Amino acid sequence: MVWSSARTIVAGDELSAGVSMRQTVPRADVLGGFLRTPLMERPDDAARPGPDTEPRVKRTAPIVTVLYITHPASLLHDPQVLSPDHPDHPERLAAIEAALADARLSSLQQLSAPAASEAELTLVHTDAHVAFIRDLCAGGGGEIDADTYVGEASYQAPLHAAGGACTLVQALLSGQATTGFCALRPAGHHAERDRAMGFCLFNNVSVAAELAIRTLGVRKVMIIDWDVHHGNGTAEIFRHRRDVLVANIHQSGLFPGTGAMADIGSGDGQGYTVNLRVPRGSGEDVWLSLIEHRSCPSDWNTNPSWSSSPPAMTPTKTIHWDSAGCAPHPSGR
């Protein structure tokens, strides 16, 4: 995920076909290029507020231009152990690391993602769902559905993926960073409150959004999910909410079969779900135009406290990664 305190959200496009997440992608021989920059010392988990603590975000002058958050646990989750042709594999992150190493970005500061607590996960997931993933991994792993597999070492990966999202939101809202990038897996936007699917175990951006509202003094969140596939999990988690606007930009007719333009949310949240379907091959000009002109209902134009846009790492002919934009509003409105 990319998160930024600027009012610009960078979008990209991904192409795929079919009704399943499953596509065969060659394993990239790039592990040797994994970025070797020493990780910063892991922050004390006690310093990060949990769901039952008072907000402790203090705004400070930005000290980092780009905060890059990752964790080695992301490499331990490998569905190919159980499904050899599975397109979601650790080399996807290794490719990102290699590209960043080649770019030699002087403004990049690397941080190790802390693990989210189970109390934080249950802000948006049921106790039973968290226990199911934990126990399945502890028992050696297995197949959840035709697209989603876990191994014995898989449980730590989504904990750090969700924890990294929460930590980055805190850093941006406090002014400790102006832009952030989370290179963590597995992705999360297909994970529903009580169901893992589409490679996703826990819904990372939803955990971070709920934490921001409950503990960081944020009143409104806008989630812009741009991916070839509709982010059904995020949409369902916040379907009945007026304080979280979920806008999805996705290709029509693909997995998971949700995201119709007529779906605008339910109950109190009616009008706060926005689905924008685009044709195959749509590029940056289309995506950015939709974000600027179509993603917000008229009564949302008083800026949300922050906005984010995380797609899943959908497999294509090239390797893409989680990206998002995050815009904290100084007033906290």
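Helices, taken as runs of at least four residues, and strands, taken as runs of at least two, are DSSP assignments numbered from the N terminus. On this basis, the protein chain of this predicted model has 7 helices and 10 strands.

A look at confidence helps in reading the rest. The pLDDT of the protein chain averages 77, and 70% of the residues score at least 70. Two stretches fall below 50. One covers residues 2-49, which nonetheless has 170 contacts in the model beyond near neighbours in sequence. The other is residues 311-333, with 105 such contacts.

For the chain as a whole, 57% of the 333 residues count as buried. Among contacts with a separation of 6 or more, 78% link residues 24 or more positions apart. The accessible surface comes to about 13,600 Å², and carbon and sulfur atoms contribute 53% of that area.

Strand S8 offers a good place to look more closely. This strand spans residues 244-251, and 8 of its 8 residues are buried. In a regular strand, side chains alternate between the two faces of the sheet. Cover is found on both faces of S8: Val 244, Val 246, Asn 248 and His 250 are buried on one side, while Leu 245, Ala 247, Ile 249 and Gln 251 are buried on the other.

The strand also has partners along its edges. Strand S7 (residues 221-226) runs parallel to S8 and is joined to it by 6 bridges, with Ile 223 paired to Val 246 of S8. Strand S9 (residues 273-278) likewise runs parallel to S8, again through 6 bridges. Here Val 246 has Thr 273 of S9 as its bridge partner. Val 246 is thus a handy landmark, with a bridge partner in S7 and another in S9. The connection from S7 to S8 involves helix H6 (residues 232-237), and the three elements make a right-handed β-α-β unit.

The cysteines round off the picture. A disulfide is a covalent bond between the sulfur atoms of two cysteines. The structure holds 0 disulfides. Cys 166 is in none, and its nearest cysteine sulfur, that of Cys 182, lies 9.5 Å away, whereas a disulfide calls for sulfur atoms within 2.5 Å. Cys 166 counts as buried because its relative accessibility is 1%, where the cut-off for a buried residue is under 20%. Cys 137 also has a relative accessibility of 1% and therefore counts as buried.

Notes
Residues numbered from 1 in each chain as written. Predicted model: local features only at pLDDT ≥ 70, side-chain atom pairs only at ≥ 80, totals over all residues. Heavy atoms only, no water. Buried < 20%, exposed > 50% of the residue type's maximum accessible area, 1.4 Å probe, protein only. Pairing = 2+ DSSP bridges. Right-handed = clockwise from strand over helix to strand, strands pointing away. pLDDT = per-residue confidence, 0-100. Contact = heavy atoms within 4.5 Å. Areas by Shrake-Rupley, 256 points an atom, 1.4 Å probe, with all protein chains shown as cover.
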